[in-house]
Amino acid sequence: MHFPELRPEFRGTQLPETVVHLTGPRSAIARPVREFLELTYPTADVVDCLRAVAQGCPARPLVLKGDRGRGKSHLMAVIHHAIEHPAEVEAWAESWARNANIQGLAGLKLTTGFKAITRAINDNDDGMFLWEVLFNHHKYGAFAKVQYEGKKQDAPQPSQRIYEEMFTAGPTCLILDEFQTWYEGLPERHGERLPKNWAFNAIQLLSQIAEQHPEKLMLVVSVRTNNSEAFAQLQRVNPQLVDFGGPSSLEDRRRLLLHRLFTNRGVFTPSQIADQVRAYADERIRLGFGQLSGPDEQSKRDEVVACWPFSPELIDLLEKQILLSQNAQETREAIKILAALCRVRQDGNPLLTPADFHVDGDNDSARSLLTSIAQGEQEKLGEIAAANLRKVIESGESVPNARAIISSIWVRSLGSTNQIGGTRRQLQLDTTKIAAIDDNAFRAEMGRLVDHSVNIHADDKAEEQRRLRIGADENPQTKVKAWARNDREWTSGGHYPSLDVEHLRLTISHLLQPESRELNAQVIVLGPQWRTNPWLDVPDTRQHPSNWDRPAVIVLPDPPEIHGASTDAVLGVWLKEHVPKHRNWVRFLLPPPSIQPAAGLFADVELRQIARCSYLTSKRCWGITEPAFFDQHAGFDKTLRDRLRLRFARVSCLHRWSFDRPETCGFVSDLIAGEAVRTHGDVISAAEAIATENGFDTLVFQQVATTMAGQSKTVGDLLRDLEDPAVTGDCLPFFGIKHVQERLIDLVVANVIAIRSGGTWNRAIPGEDAGESKRRLSQALYRTGSEQRSMQLGLPGKIPTAGPMPEPQPTPAPDIISLPTPPIGGPQPPAVPPGGPQTPPSPVPPPGQPAGQRTESRRSPPASKTNLLSWIEQQRDIPAGAPLEASLRLTGVSVIELRKLLQSLPVSVQPSVEVQWTADGQGGRA
């Protein structure tokens with residue numbers, strides 16, 4: 001791509017001095033006039049100054065007002081050459097008027113016959129006072145000095161007559177640079193303001209002469225501000241003011257920069273430039289001015305062409321933010337900075353943006369210039385930015401534009417305004433060169449870069465308005481993330497070995513246990529070795545099975561299914577190997593089926609890093625001494641908890657046990673819906689409620705209690721059978737001793753059983769209110785420890801109605817507990833008459849069916865439920881709405897499964913059930 005050529009003085013190894021001096025052998029007024037004019041661009045201020053010294057101009061002193069670096073000294077040099085070389089300056093002005101259509105220069109005729117005295121009076125080379133400048137440099141100054149010295153005793157400063165005689169003999173253009181600096185630096189003598197008073201009188205006399213006798217004196221003075229005492233003295237004669245703040249001043253300064261830097265930029269046509277910068281111009285509209293259209297949009301495109309080979313954003317950044325520093329000299333520094341940037345431009349780069357100030361060393365001169373302008377801690381930001389770039393590269397993350405982005409953030413972090421830093425859109429535009437960058441890809445790239453740059457800070461605004469900046473202090477959030485990504489720090493030999501695992505377990509435990517109430521079950525969160533050595537990761541020995549005093553909700557970090565094994569098989573084997581007793585106290589809390597075993601809790605890299613961030617910012621780590629880190633804790637902890645809430649949504653409890661073949665054990669598993677959690681207040685309570693509803697069969701419990709009451713067993717016998725299931729067989733989930741107590745009292749209230757406590761039988765009293773009965777029995781039967789376990793069960797019809805009875809000896813619990821027969825009153829199998837089965841009688845028509853009407857029946861072969869449904873669909877001759885009598889034979893079904901099946905039947909159906917099972921509990925049918 002084409003690029004303009006730098007002027008020769010900017011191509012060397014050392015950048016030239018761009019400050020304009022008005023004194024000395026290398027000053028602007030000592031240079032050949034043509035050489036000086038070659039570097040001069042006719043800005044509106046230049047035109048105003050030339051017209052102020054042109055023939056026929058009003059007789060007024062000229063005051064140039066502007067901050068350092070605005071070009072006041074250069075303008076004074078232009079005026080000097082216009083006075084000393086009017087023909088050359090007039091030819092230069094005519095050329096610009098003809099070739100560039102610069103208004104105000106055509107036909108310019110400058111005043112002649114004057115001698116220019118141009119001095120920067122703040123350097124004190126001529127002495128302290130203005131008359132000393134004139135005495136030293138006016139051709140009749142020596143004569144005037146003799147006159148002054150002769151009358152010095154009577155008048156401490158020259159009279160107006162001495163000045164007028166000198167200027168009459170030699171018309172003068174007096175050009176005084178740095179007038180304000182000189183005036184404010186005048187000393188006081190013995191507490192008096194004599195030097196400033198004399199300076200005030202001298203400038204007043206000179207101003208009056210310039211106003212009243214323009215043919216003798218032209219006065220040109222420069223000041224920095226209009227709120228100084230020096231400016232107030234000049235205002236007394238209503239001078240002509242050039243303040244560098246006209247409507248075209250910004251555009252003029254940009255053109256001046258380009259003219260001063262390049263020799264041939266004018267040979268490139270606007271259309272040629274527009275072709276090179278089209279991608280940038282399009283993105284500038286899209287990212288920054290999307291609301292514009294028509295002429296307004298085109299003007300923003302034209303700005304890119306006008307500023308080429310620099311982006312408008314770079315020029316604005318230098319002028320409005322960076323060069324406002326007291327260390328900067330504005331335009332003169334901008335020229336040097338941009339020249340240094342051009343010298344290291346990469347081939348193929350169509351224009352230069354803030355992203356081209358590379359922080360990693362290939363443009364040291366440009367970076368050094370920016371650093372020299374920076375103030376305070378900003379001087380170190382370049383080195384800090386380079387260190388952050390190295391960290392990003394060493395991380396191995398895919399951040400292809402890391403160099404450009406960090407460089408842009410660094411440049412935008414300089415300056416003294418309250419808008420330092422860059423937004424995502426600004427940084428993306430700075431990075432755009434020959435093609436647009438995808439928004440989503442850039443956002444992802446920015447996220448990875450910020451995560452690995454500890455000195456990049458962001459404000460609290462919304463994403464699109466958020467500014468990123470480089471700071472000398474470390475960003476606590478980014479530092480925490482960097483430590484969280486370093487796996488070495490979390491293994492043996494690191495600073496925090498396995499503390500991320502511990503923090504995950506503690507967070508899950510706190511998340512599952514409500515602070516407002518105590519749960520009936522304890523929550524035990526297992527660690528990474530839960531499959532092989534689960535209790536090694538549980539340092540609290542009170543949570544080991546041998547020390548349990550209540551049911552346990554065991555939280556598995558991973559789905560148990562692995563290598564094709566079913567959940568029931570894995571949990572059954574695990575129970576046998578790792579829980580030697582109280583196996584029926586266990587309730588498993590599992591991840592939902594959507595989470596694969598390979599994506600277990602501790603294998604989730606992102607989740608572990610969030611846990612590490614939460615730990616580092618907590619009061620257990622950095623947060624205890626550094627408030628800046630603790631301020632980040634709430635955000636990390638909330639993210640961690642929100643992620644963990646979604647990981648445990650399945651509860652599983654034992655309902656069929658087999659010690660010899662634990663892989664054949666059966667478990668009742670149910671999903672925990674969000675509605676259930678909201679209803680019950682927390683996950684554990686919701687899991688217990690679901691397990692109670694779907695796993696605890698009150699009818700079966702009644703049968704077990706009735707059977708044991710008929711055998712005069714104790715409550716301790718019942719608890720032992722519930723806490724540890726038989727070698728093989730179905731079992732009820734155990735929800736704690738309190739839960740068993742409540743169910744037993746309900747059976748006593750219903751007059752199903754009676755309980756002997758303290759030598760007294762407690763039973764229901766006929767006619768007693770149920771509520772009063774429960775209150776009475778609860779008070780009598782709520783016991784703890786050995787007193788509770790020694791209470792005896794009995795059947796109401798087999799115990800005395802009153803009076804004490806001797807304590808029975810406890811009966812050892814049998815090794816195998818079989819489910820009892822259904823209670824009396826349920827459906828019974830038909831009795832077999834003596835002599836074997838008889839020939840069934842002829843069928844009798846059902847009531848309401850006419851005699852002789854034929855009844856048909858069909859039976860399917862044993863099959864899966866899918867095949868049975870298919871078989872029913874094939875019976876097309878059976879009317880779909882006809883009332884049927886149907887029987888369903890099930891083999892190998894458990895009581896719990898049968899109960900679920902019955903619950904799914906329509907309310908209008910009135911079925912009867914026949915149940916058969918073998919005495920050893922090995923099988924049965926229904």
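This is a short tour of one sheet, one helix, a hairpin and two cysteines in a predicted model.

**Stop 1: the parallel sheet**

Select the five strands of the open sheet. Their order is 2-3-4-1-5, and the pairing is parallel. Now colour strand 2 (115-120) and strand 5 (240-242). These two stand at the edges with a single partner strand each, so one side of each has no neighbour in the sheet. Look along the sheet next: neighbouring strands are turned by 15° against each other on average, direction ignored.

Zoom in on strand 1 (residues 62-65) and strand 4 (residues 217-223). They run parallel and are joined by 4 bridges. Pick Lys65 to find one facing pair: Val223 in strand 4 stands opposite.

Add helix 2 (residues 44-52). Helix 2 packs on the sheet and touches strand 1 and strand 5. The direction of helix 2 makes about 155° with that of strand 5. Then show helix 5 (residues 130-137), which lies across strand 2 and strand 3 (172-177). Helix 5 runs at about 130° to strand 2.

**Stop 2: two cysteines**

Select Cys307 and Cys342. Are they buried or exposed? Cys307 is buried, at a relative accessible area of 3%. Cys342 is buried too, at 9%. With sulfur atoms within 2.5 Å as the criterion, the disulfide count comes to 0.

**Stop 3: helix 25**

Move to residues 605-616. What span should the 12 residues of helix 25 have? At 1.5 Å a residue, 16 Å is expected, and the end C-alpha atoms are 16 Å apart, which agrees.

Start at the N-terminal end. Asp604 caps helix 25 there, with a side-chain oxygen 3.3 Å from the backbone nitrogen of Glu606. Now show side chains along the helix. The buried residues include Leu607, Ile610, Cys613 and Leu616. Display the surroundings as well: the buried residues of helix 25 pack against helix 22 (476-485), helix 23 (499-512) and helix 27 (633-645).

**Stop 4: strand 14 and its partners**

Select residues 754-757. Both faces of strand 14 are covered. Ala754 and Arg756 are buried on one side, Ile755 and Ser757 on the other.

Bring in strand 16 (residues 792-794). Strand 14 pairs with strand 16 in the antiparallel sense over 3 bridges. Click Ile755: its bridge partner in strand 16 is Leu793.

Finish with strand 15 (residues 760-762), antiparallel to strand 14 and joined to strand 14 by 3 bridges. Ser757 faces Thr760 in strand 15. The hairpin of strand 14 and strand 15 has 2 residues between the strands, and Gly758 takes a positive phi near 60° in this hairpin.

Key. Residues are numbered from 1 along each chain as its sequence is written. This is a predicted model: local features need pLDDT of at least 70, side-chain atom pairs count only at pLDDT 80 or more; totals for chains, interfaces and linings use all residues. Side-chain values use heavy atoms; hydrogens and water are left out. Buried means under 20% relative accessible area, exposed over 50%, partly exposed in between (1.4 Å probe, protein chains only). Two strands pair if DSSP finds at least two bridges between them. The expected span of a helix is 1.5 Å times one less than its number of residues. Contact means heavy atoms within 4.5 Å. A polar contact is a pair of N or O atoms within 3.5 Å; within protein, one must be able to donate a hydrogen and the other to accept it, and residues adjacent in sequence count only if both atoms are side-chain atoms. Axes are lines fitted to C-alpha atoms, for helices over the stretch in contact, and angles run from 0 to 180 degrees between N-to-C directions.
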